[in-house]
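Colleague: I keep running into terms here that I'd like to see set against their cut-offs. Can you take me through them?

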Amino acid sequence: MYTQPSILVIDDEPDNFDVVETLLDGENYRLYYASSGKQALDRLDSFEPDVILLDVMMPDLNGLEVCRRIKADPQWQMVPIIVLTALNTKEDLAQCLATGADDFISKPVNRVELRARVNSMLRIKQQYDNQQALLKLREDMVNMIVHDLRNPLASIVLSVDILQLPGVTPEKQQRKLAQIDIAVEQLQSLIDNLLLMAKLESDKMILNYKEVDISEICISAVADIEAIATQKQLTLVSELPKLSRIIKVDATIFRRVLDNLLSNAIKFSPSNSQVILRAEYLESGIVKVQVADSGPGVPPTLRQKIFDKYETGNLMQEVTQIGLGLAFCKMAIEAHHGSIFVEDNHPQGSIFTVFLKDSS
């Protein structure tokens with residue numbers, strides 16, 4: 001999303017601001033003016049500048065001290081500062097840089113030079129902002145991964161503790177072993193998704209195409225997730241073509257796509273409802289696969305975003321949402337030169353549809 005760059009001019013002469021405003025006219029910047037160093041320091045939070053144009057020769061608090069104080073504040077130290085100065089000796093310019101200034105322009109200011117240097121500093125600021133956004137994204141990802149890892153790990157630890165209690169009945173032992181098995185599968189699925197996504201993103205994954213029967217893959221996926229559906233009192237329904245057809249796909253990757261779509265459907269579906277897996281062969285060698293649920297559905301505004309990495313859509317209580325499963329599905333299907341999208345499942349829920357072209 002585009003954000004209009006903000007430029008703060010700090011100068012005790014209002015006429016100098018008028019000059020800068022004229023020289024930058026048409027550049028689509030938001031210009032702010034502070035008539036003293038103290039006013040600028042007091043109002044940095046409201047200005048939120050992307051670049052600062054700073055005059056050196058000001059009364060009370062000169063530009064060098066203002067620069068030093070801004071650069072000493074962790075919140076603002078990465079905002080580029082361009083010093084506007086009539087001083088032109090090497091010693092003076094060296095002193096400006098020593099206080100933390102990122103660039104300088106000698107007065108009188110030239111229009112072409114001013115625009116070029118402001119644009120250069122804005123690029124630097126944008127790179128920094130992008131880096132900070134990426135770091136924040138990674139931090140959020142780590143927090144979400146830790147959160148999602150805790151649930152199956154807690155289930156495993158609790159089940160093991162119960163199994164060690166005296167007098168545990170064989171029936172209860174079987175239930176707890178089943179819970180451990182489900183939790184281990186959840187952990188393995190999360191780890192596999194992360195590793196496969198990293199390979200897909202770096203173009204280091206070579207798809208291993210094999211001849212497969214889509215119906216067999218669908219039947220296997222439903223069978224493996226049956227226990228989780230039963231635990232939540234859900235019914236899994238398979239609507240598969242009666243006549244099989246062999247196509248070429250990376251069976252492991254495509255199976256993981258099905259696992260993610262079915263797991264999501266089960267996760268968001270209310271108890272005593274159905275999750276439906278459909279598959280059909282279309283013309284021109286295209287396979288259509290759908291997973292339908294009766295959950296809360298996906299608002300139109302989120303139908304593209306939910307396929308972005310770490311996007312969780314609408315948060316729901318007691319539902320782990322790391323925001324990686326659908327991103328992996330999109331990357332995996334597009335690696336097969338296919339497509340995936342979501343639509344409403346009337347009267348309630350979502351339908352995730354995959355179109356996959358036979359590569360044979």
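Modeller: Let's begin with a residue pair: Thr235 has Gln274 in β9 as its bridge partner. Before going on, keep in mind that this is a predicted model, where local features need pLDDT of at least 70 and side-chain atom pairs count only at pLDDT 80 or more, while totals for chains, interfaces and linings use all residues. Residues are numbered from 1 along each chain as its sequence is written, and side-chain values use heavy atoms, with hydrogens and water left out.

Colleague: How do you know that β7 and β9 pair?

Modeller: Two strands pair if DSSP finds at least two bridges between them. Strand β7 (residues 235-239) and strand β9 (residues 274-281) have five, in the parallel sense, so they qualify as a pair. The strands themselves are DSSP runs of E with at least two residues, helices are runs of H or I with at least four, and numbering starts from the N terminus.

Colleague: What joins β9 to strand β10?

Modeller: Six bridges, and here the strands run antiparallel; β10 covers residues 286-292. Leu277 is partnered with Val291 in β10, and Glu280 with Lys288. Four residues sit between the strands of this hairpin, and one residue there, Ser284, takes a positive phi near 65 degrees.

Colleague: What makes the pairing of the sheet β7-β9-β10-β12-β11 mixed or uniform?

Modeller: It's mixed, an open sheet of five strands in that order. You've just seen both senses in it: β7 with β9 is parallel, β9 with β10 antiparallel. In general, strands of a sheet pair through backbone hydrogen bonds, in either sense.

Colleague: Which are the edge strands of that open sheet?

Modeller: β7 and β11, since each pairs on one side only.

Colleague: Which helix lies across β7, β9 and β10?

Modeller: That's α8, at about 175 degrees to β9. Angles run from 0 to 180 degrees between N-to-C directions, with axes being lines fitted to C-alpha atoms (for helices, over the stretch in contact). Contact means heavy atoms within 4.5 Å.

Colleague: Why are α8 and α9 called oblique to each other?

Modeller: Helix α8 (residues 214-231) and helix α9 (residues 251-268) have axes that cross at roughly 40 degrees and come within 10 Å. Under 35 degrees would be roughly parallel, over 145 roughly antiparallel, 65 to 115 roughly perpendicular, and the rest is oblique. The pair is therefore oblique. The crossing is right-handed, the label used if the near helix is turned clockwise from the far one by less than a right angle; anticlockwise would be left-handed.

Colleague: Which residues in α8 meet α9?

Modeller: Among them are Ile214, Ile217, Val222 and Ile225, and the residues they face in α9 include Phe254, Leu258, Leu262 and Ile266.

Colleague: What about the parallel sheet?

Modeller: That open sheet has five strands in the order β2-β1-β3-β4-β5. Its edge strands are β2 (30-34) and β5 (103-106), and the twist averages 20 degrees from one strand to the next. Strand β1 (residues 6-10) is joined to strand β3 (residues 51-55) by four bridges, and Val9 is partnered with Leu53. Helix α1 (residues 14-23) lies across β1, β2, β3 and β4 (81-85), at about 170 degrees to β2.

Colleague: Is Asp60 buried or exposed?

Modeller: Buried means under 20% relative accessible area, exposed over 50%, and partly exposed in between (1.4 Å probe, protein chains only). With 85% relative accessibility, Asp60 counts as exposed. Asp60 is in the loop between β3 and α4 (63-72), and its phi is near 65 degrees, positive although the residue isn't a glycine.

Colleague: Where is Gln233 found?

Modeller: In the loop between α8 and β7. Gln233 also has a positive phi, about 60 degrees, without being a glycine.

Colleague: What kind of peptide bond joins Lys107 and Pro108?

Modeller: A cis one, with omega about 0 degrees. Pro108 sits in the loop between β5 and α6 (111-163). Another cis bond joins His346 and Pro347, with omega about 5 degrees, and Pro347 belongs to the loop between β11 (339-344) and β12 (350-357).

Colleague: How many helices and strands does the protein come to?

Modeller: 10 helices and 12 strands. By the burial cut-off, 42% of the 360 residues are buried.
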